[in-house]
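User: I would like to go through this structure and ask, term by term, what each label rests on. Please set the values against the cut-offs as you go.

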Amino acid sequence: MFITEAFAQTAGAPSTGGADILMSILPFLLIFVVMYFLIIRPQRAQMKRREELLKNIRRSDQVVIGGGILGKVTKVIDDSELEVEIAEGVKIRVARAGVSEVRVKGEPVKE
């Protein structure tokens with residue numbers, strides 16, 4: 001009596017499932033693009049600069065070792081090791097990866 005019958009209403013045009021999927025994926029794509037430009041791309045550039053810095057270490061460069069020790073490169077042993085003088089007469093061997101900063105670039109070796 002008081003309850004009316006409810007009928008399912010159909011839209012005038014058939015629903016498009018492809019547009020719904022695109023609209024649900026679009027926010028994730030936008031988040032990935034923003035993260036790429038704000039995080040991933042600058043980090044790759046920074047890694048490339050650090051790799052170049054470590055590759056170009058020469059004798060008589062002033063370096064800061066990872067623990068904060070300052071020293072002067074006295075000898076480049078090979079591609080992965082350096083000899084660093086941290087005090088007068090005190091020389092240590094350091095891995096190139098352990099160098100955190102090159103303070104003063106030395107002069108190129110004259111051959």
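Analyst: A starting point is helix 1 (residues 17-55): E52 and K55 are 3 residues apart in this helix, so about one helical turn separates them. The model is a predicted one, and every value below is computed from it.

User: What makes E52 and K55 a salt bridge?

Analyst: The closest N and O atoms of E52 and K55 are 3.8 Å apart. The cut-off is a side-chain nitrogen of Lys or Arg within 4 Å of a carboxyl oxygen of Asp or Glu. The value of 3.8 Å is within 4 Å, so the pair counts as a salt bridge. In general, side chains of opposite charge can pair when their charged atoms come close.

User: Why is E52 called partly exposed, and why is K55 called exposed?

Analyst: Buried means under 20% relative accessible area, exposed means over 50%, and partly exposed lies in between. E52 has 39%, so it is partly exposed. K55 has 54%, which is over 50%, so it is exposed.

User: How many salt bridges does a search of the whole structure find?

Analyst: The search finds 3. Besides E52 with K55, E81 meets R93 at 2.3 Å, N to O. That pair links distant parts of the chain, with E81 in strand 3, R93 in strand 4 (residues 90-95) and their positions 12 residues apart in the numbering. E81 has a relative accessible area of 26% and is partly exposed, whereas R93 has 56% and is exposed. E101 and R103 also form a salt bridge, at 3.3 Å. Here E101 is partly exposed at 36%, and R103 is exposed at 52%.

User: E83 is charged too. How do you know that E83 has no salt bridge?

Analyst: The nearest side chain of opposite charge is K91, 4.1 Å away. A salt bridge needs the atoms within 4 Å, and 4.1 Å is not within that limit, so E83 and K91 do not qualify. E83 is nevertheless buried, which means that its relative accessible area is under 20%.

User: What is E83 in contact with, leaving aside its neighbours within four places in sequence?

Analyst: The contacts of E83 are K72, V73, T74, K75, I77, K91 and I92. E83 is found in strand 3, and it is the bridge partner of K75.

User: What makes strand 2 and strand 3 a pair?

Analyst: Two strands pair if at least two bridges are found between them. Strand 2 and strand 3 (residues 81-87) have 4 bridges, so they pair, in the antiparallel sense. K72 with E85 in strand 3 is one of the bridge partnerships. The two strands form a hairpin with 4 residues between them.

User: How many bridges join strand 1 to strand 2?

Analyst: Strand 1 (residues 62-65) and strand 2 (residues 70-76) are joined by 3 bridges and run antiparallel. The limit is at least two, so this pair also qualifies. V63 stands opposite G71 in strand 2. The hairpin here has 4 residues between its strands, and G68 in the turn has a positive phi of about 95°.

User: In what order do the strands form the open sheet?

Analyst: The 5 strands are ordered 4-3-2-1-5, with antiparallel pairing. Strand 4 and strand 5 are called edge strands because each pairs on one side only. Neighbouring strands are turned by 45° against each other on average, direction ignored. Along the sequence the chain follows the pattern α-β-β-β-β-β.

User: Which residues make up the largest nonpolar core?

Analyst: The core has 10 residues: L54, I57, V63, I65, V73, L82, V84, V94, V99 and V102. Strand 1, strand 3 and strand 5 (99-104) each supply at least two of the core's residues. The label requires buried residues of listed nonpolar kinds joined through side-chain atoms within 4.5 Å, so each member has a relative accessible area under 20%. I57 gives an example of the surroundings: leaving aside its neighbours within four places in sequence, I57 is in contact with V73, V76, L82, R96, V99 and V102.

User: What percentage of the residues of the protein chain count as buried?

Analyst: Of its 111 residues, 14% count as buried.

Technical notes:
Residues are numbered from 1 along each chain as its sequence is written. This is a predicted model: local features need pLDDT of at least 70, side-chain atom pairs count only at pLDDT 80 or more; totals for chains, interfaces and linings use all residues. Side-chain values use heavy atoms; hydrogens and water are left out. Buried means under 20% relative accessible area, exposed over 50%, partly exposed in between (1.4 Å probe, protein chains only). Lys and Arg count as positive and Asp and Glu as negative; His and the chain ends are not counted. Contact means heavy atoms within 4.5 Å. Axes are lines fitted to C-alpha atoms, for helices over the stretch in contact, and angles run from 0 to 180 degrees between N-to-C directions.
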